[in-house]
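Take a moment to turn the model around on your screen before you read on. We will start on the inside and then work outwards to the helices, the sheet and the whole chain.

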Amino acid sequence: MTVIAPTARPAPLRAHDFPAGTPLNAFFAWNEARWRRDRRYTIACDLFQLYQRFWGDEEGIPICVSQIAIRPVVRWRFRSHIILSPTALAAAREISPGGHDGPVVAAAHRLVTSLLASIGSAKPDTHAAVFGAFEELSRFVDLAALARLRPRSTKPLPSPERRKILVIKLSALGDFVQALGPAAAIRRHHAADEITLLTTPAFAALGQQSGFFDNIAIDRRPGPLDISGWLALRRALRNGAFNRVYDLQTSDRSSLYAWLFLPGHRPEWSGVARHCSHPHANLGRHPQHTIDKQAEQLLMAGIYPTPLPACQASSRPLPAGLDQRAFFLLIPGSSSRHSEKRWPAKHYGVLAQRLIAATGTLPVIVGARGEEPLAAEIRARCPDAIDLVGRTELTGLIDLADAAVFTVGNDTGATHIAAAGGHPVVVLFSDASDPRRCAPRGHEIRVLTSPRLDRLPVSQVFSEVMQAARSLMRSPAGAHTDSNMWV
């Protein structure tokens with residue numbers, strides 16, 4: 001038996017071995033702060049220690065490959081101390097480069113080389129390759145068994161040819177739209193699988209129109225004392241026979257859903273639920289922008305890259321009078337609970353009149369029911385504006401955003417839909433929300449901020465809109481579709 005003594009033990013792989021802000025830096029820091037650690041972290045530490053121990057003999061990579069694909073070299077592990085098996089070590093030294101060319105060894109080799117390449121690298125794709133290699137290896141090897149105190153090389157439970165995937169996204173509108181990029185990435189990754197979206201009634205049609213989901217399941221969001229509601233939700237989840245869940249809500253409520261599968265088989269889970277199989281392992285996840293947060297969550301589950309949100313328009317005709325006219329959208333509303341997020345409607349009216357004179361395009365006002373007084377105030381200053389407030393469903397708003405030349409709006413869900421349409425958007429933020437965490441993203445998004453929106457002058461917004469319009473005229477047709485990948 002060969003023991004790596006503390007004095008001869010190579011330095012362990014730590015978070016600081018990866019540049020700050022990179023996924024593996026976050027992943028290692030998260031694990032270093034926990035008692036119960038992710039199985040992939042444990043395996044990565046084993047591989048690095050073995051490679052460091054034997055690289056001088058040009059045996060490092062073959063021994064690492066043997067550890068995870070053929071026969072574990074590590075007989076026993078206690079914290080950063082490992083005890084090696086001389087028999088397994090001797091067998092590993094006999095591995096020749098072409099001697100084992102099966103898929104298991106190939107997957108293990110990719111994991112080892114991608115892990116070594118990621119050390120010191122700030123490129124997201126090198127970090128994504130590590131998590132992707134872990135996912136590939138998990139098809140052949142039980143990673144949890146390999147990460148035990150006494151590592152074992154065992155096969156995972158057989159997986160069905162067509163897996164059942166659940167995506168959870170409940171609310172709100174802006175957050176739902178921002179989750180369409182991750183939904184597209186999940187669809188691409190699970191092209192042959194059956195994907196179900198669990199959402200609330202308000203967003204069912206939006207999810208259906210996206211084309212990313214095979215089924216839509218409705219969550220009625222039962223209250224704490226609604227026992228029958230919770231039991232119905234539990235039955236629906238358990239009867240779904242899901243193999244993996246992507247929780248894009250990552251709230252206390254959605255994390256609680258992981259426990260509704262018990263007793264019995266709990267599916268693989270990507271999110272922040274306690275003891276989930278694919279955690280978003282980042283101690284600093286809360287200040288992240290929603291899109292960055294979800295992209296990193298999926299990267300750590302083996303899915304990369306994640307595109308920016310895009311809404312799928314329908315073939316339905318536009319409202320009368322708009323199909324032959326160039327028009328722009330005005331979104332003067334926001335949540336009624338946050339009136340401080342609203343730029344004054346009278347300012348929108350003055351802006352609309354100036355934009356008609358400067359661009360010759362028609363203003364179209366959109367919003368939710370209850371925001372009709374805002375439209376009336378705008379039309380009092382710009383009678384040519386078309387009022388569609390309260391008359392457009394979410395799916396119809398997607399069609400309008402797809403056809404509009406540009407949009408001006410407050411920090412609200414409809415503005416996120418406009419941004420996902422791929423055309424320029426000028427969005428107005430007060431101190432009531434932080435654009436670094438929730439601003440729309442897209443081809444041409446311009447964010448204007450002011451501590452109080454009633455102090456944001458029309459001239460400044462007009463100037464920003466005109467710059468966006470000129471940028472659109474300079475851009476080649478379709479350019480916005482080529483630069484929408486998250487990196």
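In this predicted model, the largest nonpolar core holds 47 residues. Phe28, Leu50 and Ile68 are the residues with the most contacts inside that core. A general tendency is worth keeping in mind here: in soluble globular proteins, nonpolar side chains tend to be buried together.

Which elements build this core? At least two residues each come from helix 1, helix 2, helix 3, strand 3, helix 4, helix 5, helix 6 and helix 7. Helix 2 gives the largest share, with 8 residues. The table shows where you can find some of these contributors along the chain.

| Element | Residues |
|---|---|
| Helix 2 | 39-54 |
| Helix 3 | 60-69 |
| Strand 3 | 81-84 |
| Helix 4 | 86-92 |
| Helix 5 | 103-118 |
| Helix 7 | 143-146 |

Apart from this core lies another one, made of 45 residues, and Leu173, Val177, Ala301 and Val366 are among them.

Now zoom in on Phe28. Leaving aside residues up to four places away in sequence, Phe28 touches Leu13, Arg14, Ala15, Phe18, Tyr41, Ala44 and Cys45.

Next, look at a pair of helices. Helix 1 (residues 23-32) packs against helix 6 (residues 124-137) at an angle of about 55°, and their axes are 8 Å apart. Why are the two helices called oblique? An angle of about 55° is neither under 35 degrees nor within 65 to 115, nor over 145, so helix 1 and helix 6 count as oblique to each other. On the helix 1 side, the contact is made by Pro23, Leu24 and Phe27, while helix 6 brings His127, Val130 and Phe131. Of the residues in this contact, 5 are nonpolar and 1 is polar, with no charged ones.

The strands have a story too. An open sheet is formed by 6 strands in the order 6-5-4-7-8-9, with parallel pairing. Strand 6 (215-218) and strand 9 (278-279) are its edges, each pairing on one side only. Further in, strand 7 (residues 244-247) runs parallel to strand 8 (residues 268-271), and 3 bridges join them. If you look for Arg244, you will find its bridge partner in strand 8: Glu268.

Finally, step back to the whole protein. It has 19 helices and 15 strands, and its C-alpha trace spans about 85 × 50 × 35 Å along the principal axes. Of its 487 residues, 52% are buried. Among contacts with a separation of 6 or more, 64% link residues 24 or more positions apart.

Methods. Residues numbered from 1 in each chain as written. Predicted model: local features only at pLDDT ≥ 70, side-chain atom pairs only at ≥ 80, totals over all residues. Heavy atoms only, no water. Axes fitted to C-alpha atoms, helices over the stretch in contact; angles between N-to-C directions. Helix = DSSP H or I, 4+ residues; strand = E, 2+ residues; numbered from the N terminus. Contact = heavy atoms within 4.5 Å. Nonpolar A, V, L, I, M, F, W, Y, C, P; charged D, E, K, R; others polar. Pairing = 2+ DSSP bridges. Core = buried A, V, L, I, M, F, W, Y, C linked by side-chain atoms within 4.5 Å. Buried < 20%, exposed > 50% of the residue type's maximum accessible area, 1.4 Å probe, protein only.
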